[in-house]
Amino acid sequence: QSQGERRGWGYAFAGVGGNTGFNSGARFTAGGGGEVLFYRGLGIGGELGYLSSPSSVGNGIGIGSVDLAYHFNHSGKIAPFVTGGASVAFADGGSAGGGNFGGGIQYWPKDHLGLRFEVRDHVFSSDSPHLFTFRVGVTFR
């Protein structure tokens, strides 16, 4: 591994968003995950988060995902990325499978500490709402 090359990292995030369709409105999210690059900028990752409305914090949903990602310029200070994969939403009433897609930028002011800015959209069926979030996080390795 050369100086400055990043092959894997963890991250924690918080953000705001919303959903389309029935019962639309503001949402907040928080969670964490990690990614490992296995070929150039191509990697695999996973994350676990919580999504809720501000007025009903205890009635949110958990969202887990396993994703493929591509990080452009993954060894540079600024590394744009795209991501997408399978998701599962879960709450007291059960669970639902679906998918997600998104993208953003990781900024590495220090070799072992960075910032992550991301947009992510989760969809669980053709007639379900889109759950979109704008997230800011800390990345570490």
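This report describes the barrel, the enclosed and open spaces, and two individual residues of a predicted model.

**The barrel**

The fold to keep in view is a closed barrel of eight strands, which runs β1-β2-β3-β4-β5-β6-β7-β8 with antiparallel pairing. From one strand to the next, the twist averages 25°. Strands of a sheet pair through backbone hydrogen bonds, either parallel or antiparallel. At the start of the barrel order, strand β1 (residues 8-19) pairs with β2 in the antiparallel sense, and the pairing extends over twelve bridges. Valine 16 gives one example of such a bridge, its partner in β2 being phenylalanine 28.

**The largest pocket**

The largest pocket has a volume of about 380 Å³. Its lining is made up of 21 residues, and Arg27, Leu51, Ile61, Pro129 and Leu131 are those that lie nearest its centre. Three elements give two or more residues to this lining, namely β3 (42-52), β5 (78-91) and β6 (94-110). Sorted by class, the lining of the largest pocket holds ten nonpolar and ten polar residues, together with one charged residue.

**The cavities**

Apart from the pocket, how many cavities of 30 Å³ or more does the structure hold? There are two cavities of that volume or more, and the table sets out their volumes and the classes of their lining residues.

| Cavity | Volume | Classes of lining residues |
|---|---|---|
| Largest cavity | about 90 Å³ | five nonpolar, four polar and two charged residues |
| Second largest cavity | about 30 Å³ | one nonpolar, four polar and three charged residues |

The largest cavity is lined by Phe13, Thr29, Glu47, Gly49, Tyr50, Leu51, Ile63, His122, Leu131, Thr133 and Arg135. The elements that give two or more residues to this lining are β3 and β8 (131-140), and the largest share, four residues, comes from β3. Leu51 and Leu131, which are among the residues that line the largest cavity, are also among those that lie nearest the centre of the largest pocket.

The second largest cavity has a lining made of Tyr11, Gly34, Glu35, Gly45, Gly46, Asp67, Thr83 and Arg120. Here β2 (25-39) and β3 each supply at least two residues. Strand β3 therefore recurs in the linings described here, since the elements giving two or more residues include β3 for the largest pocket, for the largest cavity and, with at least two residues, for the second largest cavity.

**Two residues in their surroundings**

Valine 138 has its place in strand β8. Is this residue buried, exposed or in between? Its relative accessibility is 38%, so valine 138 counts as partly exposed. When residues up to four places away in sequence are not counted, valine 138 touches Gly10, Tyr11, Ala12, Leu113 and Gly114. One of these contacts, leucine 113, lies 25 residues away along the chain, yet the C-alpha atoms of leucine 113 and valine 138 are separated by 7.3 Å. Tyr11, another residue touched by valine 138, belongs to the lining of the second largest cavity.

Serine 53, by contrast, is placed in the loop between β3 and β4 (61-71). Its relative accessibility is 16%, and because this falls under the 20% limit, serine 53 counts as buried. With neighbours within four places in sequence left aside, serine 53 is in contact with Ala26, Arg27 and Phe28. Two of these contacts have appeared above: Arg27 is among the residues nearest the centre of the largest pocket, and phenylalanine 28 is the bridge partner of valine 16.

Methods:
Residues are numbered from 1 along each chain as its sequence is written. This is a predicted model: local features need pLDDT of at least 70, side-chain atom pairs count only at pLDDT 80 or more; totals for chains, interfaces and linings use all residues. Side-chain values use heavy atoms; hydrogens and water are left out. On a 1 Å grid over the protein atoms alone, a cavity is a set of points where a 1.4 Å probe fits but cannot get out, and a pocket is an open set with protein on both sides within 12 Å along at least five of seven lines; lining residues have an atom within 4 Å of a point. Grid points are joined across faces, edges and corners, and a volume is the space filled by probe spheres set on the points. Ala, Val, Leu, Ile, Met, Phe, Trp, Tyr, Cys and Pro count as nonpolar, Asp, Glu, Lys and Arg as charged, and the others, Gly among them, as polar. Buried means under 20% relative accessible area, exposed over 50%, partly exposed in between (1.4 Å probe, protein chains only). Contact means heavy atoms within 4.5 Å. Two strands pair if DSSP finds at least two bridges between them. Axes are lines fitted to C-alpha atoms, for helices over the stretch in contact, and angles run from 0 to 180 degrees between N-to-C directions.
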